Amino acid sequence: MNFKLTGKSAVCACIVLAGGSLLASTSVQAQVLAMATEPNAALTGREVTLGNGGAPEAINEAAAVPARLHRQIVPYPTSEAPGTIVVDTPNTYLYFVLGGGKAIRYGIGVGRDGFTWSGTKTIERKSEWPDWIPPADMLQRQPYLPRFMAGGPGNPLGARAMYLSGTVFRIHGTNKPSSIGTHVSSGCIRMLNADVTDLYERVRIGTKVMVLPMTHQHVAQDTRRTEPVIREAIFAPSLR
C-alpha cells in the first residue's frame, strides 16, 4: 500500500493462563503472545506513575475513556505478521498483532476531518518524554503555538513517541486522555500515556505500521464471548 493523504494536511518474563492452566511454548507465536499485557494500574482504576527525569507524575487515565477503548486482547484474524501495528482510523483502534488470530487492541485518537491519511510506514525513531516542535504548516494554522516545548507531563506528545518514516506523524501519548476515541489531531495517532508506554516497549525500529483509510470497513469483535475461555494474565513491560 502506498502512502496516501486523504485531507489537506501534508503533513520479560510472562505467565499465560488459558482455562486456568499455565502454558509454556518456545514457538514464535507463543513468544509474541507472551509479550501481551496484563491490564496495568491505569486500566484497572488504580494510579500509575510515569517518571520524567526524576519528576514523577501520578495519573489515572482509565476514567477518561469508555471501556471499549481500554487496552485488551481481542480476536483479530489477519495475514499480517506478529508484531505489525494496524491503525483502524474510522474505529479509533490500534492493533498490535500477536498472531494466532489475536491482537492487543488500544484506543486511540486520530486525525480530524481533513487531516486523516492512510498508508504503510515503519517506526524510524523512538523517544521517551519527547520534546515537541510543531511543524511549519501547523504553526501557519495555529501561530499562537509554542515553537518548542520540552518533554514532560504537560507536553502534548505525552510519555512516548514513535516516529513514522517519511512523515511528520507520530504515534504518541497525550496530556488530554479524554481525546482518546475522537477525531481531533492534525494527523498524529495519540494514545493514553500508559498505553503508549506499553506499546513502546513492544515495538522495534523498523516495525511495520499500516494506517487504514476512513473508508475501511471493520466488523467489531464481541470479546465478551472469548473472555471466559481465554484468560491471558501477562505481566506488562516495566515502565522505565
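Mentor: Let's start with a term: buried means under 20% relative accessible area. Keep in mind that this is a predicted model.

Trainee: Thanks! Why is Asp-195 called buried?

Mentor: Its relative accessibility is 0%, which falls under the 20% cut-off, so Asp-195 counts as buried.

Trainee: And what makes the pair of Asp-195 and Arg-71 a salt bridge?

Mentor: The N to O distance between their side chains is 3.0 Å. A salt bridge needs such a nitrogen of Lys or Arg within 4 Å of a carboxyl oxygen of Asp or Glu, so the pair qualifies. Asp-195 sits in helix H3 and Arg-71 in the loop between strands S5 and S6, 124 residues apart.

Trainee: How do you know whether Arg-71 is buried or exposed?

Mentor: Arg-71 has 4% relative accessibility, again under 20%, so the word is buried.

Trainee: What makes Arg-202 and Asp-198 neighbours in terms of helical turns?

Mentor: They are 4 residues apart in helix H3, which means a separation of about one helical turn. Their closest N and O atoms are 2.7 Å apart, and they form a salt bridge. Arg-71, Asp-195, Asp-198 and Arg-202 are linked in a network of such bridges.

Trainee: Now to another pair. Why is Glu-128 called partly exposed?

Mentor: At 32%, Glu-128 lies between the 20% and 50% limits, so partly exposed is the right term. Its salt-bridge partner is Arg-160, which is buried at 2%.

Trainee: What is notable about the phi of Trp-129?

Mentor: Trp-129 has a positive phi of about 45° although it is not a glycine. This residue is found in the loop between S11 and helix H2.

Terms used
Residues numbered from 1 in each chain as written. Predicted model: local features only at pLDDT ≥ 70, side-chain atom pairs only at ≥ 80, totals over all residues. Heavy atoms only, no water. Helix = DSSP H or I, 4+ residues; strand = E, 2+ residues; numbered from the N terminus. Buried < 20%, exposed > 50% of the residue type's maximum accessible area, 1.4 Å probe, protein only.
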